[in-house]
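Colleague: I would like to learn how to read the surroundings of a ligand. Please take me through it step by step.

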Amino acid sequence: MRDARLELVQGDITKVEADALVNAANSSLLGGGGVDGAIHRAAGRELLEECRDLRGCPTGEARITQGYKLRARHVIHTVGPRWQGGGRGEAGQLARCYQSVFALVEKHGLRTVAFPSISTGMYGYPIEKASRIALREIQAALERLPQVEKVTVVLFTPGDLEVYRRALAGEPEPA
Ligand code: AR6
């Protein structure tokens, strides 16, 4: 059953108001392109300074910082896997990203959180596969965490939104 606290929208995650935005970072945590670059530009240089003190983050783990100039109080940085064909444990690592983010959501008592589609840009994870992992993990976390009031997945393009919508509707992955 679909949880009413889960919402899919199209847009720019840097504009979203939430207790935390999730960043699809790299293991340096020092910024990059894609959503990472956009979040760092919108948050300002203080975010980079705080990230520097964290000294990196391994794939599948997550770290929390303040949100600075964003409309979000916090940024939760997680490092997704690079797609290498699917046989290198990528699915488990991607699931672990979502689990690591929700462990911090729980620890910090956060109620609203917005995610981008982790790993499906520069890291090349096929979105048909990644969307199903993301939605499964988000729904499992919602069941476990009554404190969470809203989880928004912010898709950058209408096409990506459509993929997530179909996955949420339970449609099987296209062959
Ligand atoms: N709002 C929402 N989604 C966005 C935005 C935005 N402003 N900008 C891009 N996306 P990517 P990854 C989407 O490449 O695949 C960085 O350089 C994008 O369309 O940002 O996890 C990091 O430093 C795609 O669907 O992250 C790492 O080196 C999704 O966000 C590497 O890229 C994720 O694409 C991480 O790669």
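Modeller: Start with the residues around the ligand; this is a predicted model. The ligand has 22 residues around it, and those that come nearest are Asn26, Gly33, Val35, Asp36 and Met122.

Colleague: Which part of Asn26 is 2.7 Å from an oxygen atom of the ligand, side chain or backbone?

Modeller: The side chain: one of its N or O atoms is 2.7 Å from a ligand oxygen. A polar contact is a pair of N or O atoms within 3.5 Å. With Gly33, a polar backbone atom is 2.7 Å from an oxygen of the ligand. Val35 also offers a polar backbone atom, at 2.8 Å from a ligand oxygen.

Colleague: How much of the ligand's accessible area does the protein cover?

Modeller: On its own the ligand has 700 Å² of accessible area, and the protein covers 91% of that. As for location, the ligand sits in the largest pocket.

Colleague: Which elements give two or more residues to the shell around the ligand?

Modeller: They are β2 (18-25) and α1 (34-43). The most comes from α1, which gives 4 residues.

Colleague: How many residues of each class does the shell have?

Modeller: Sort the shell by class and you get 9 nonpolar, 10 polar and 3 charged residues.

Colleague: Now to aromatic rings. How is a pair of them described?

Modeller: By two things, the distance of the ring centres and the angle of the planes. Rings count as a pair if their centres lie within 6.5 Å. Searching the whole structure gives 3 aromatic pairs.

Colleague: Which residues do ring pairs link into a cluster?

Modeller: Tyr98, Phe102 and Phe115 are linked in this way.

Methods: Residues numbered from 1 in each chain as written. Predicted model: local features only at pLDDT ≥ 70, side-chain atom pairs only at ≥ 80, totals over all residues. Heavy atoms only, no water. Near = heavy atom within 4 Å. Polar contact = N/O pair within 3.5 Å; in protein donor to acceptor, adjacent residues only side chain to side chain. Areas by Shrake-Rupley, 256 points an atom, 1.4 Å probe, with all protein chains shown as cover. 1 Å grid on protein atoms, 1.4 Å probe; cavity = no way out; pocket = protein on both sides within 12 Å on 5 of 7 lines; lining within 4 Å. Sits in = over half its atoms within 2 Å of the grid points. Nonpolar A, V, L, I, M, F, W, Y, C, P; charged D, E, K, R; others polar. Phe/Tyr/Trp six-rings, centres within 6.5 Å; stacked < 30°, edge-to-face > 60°.
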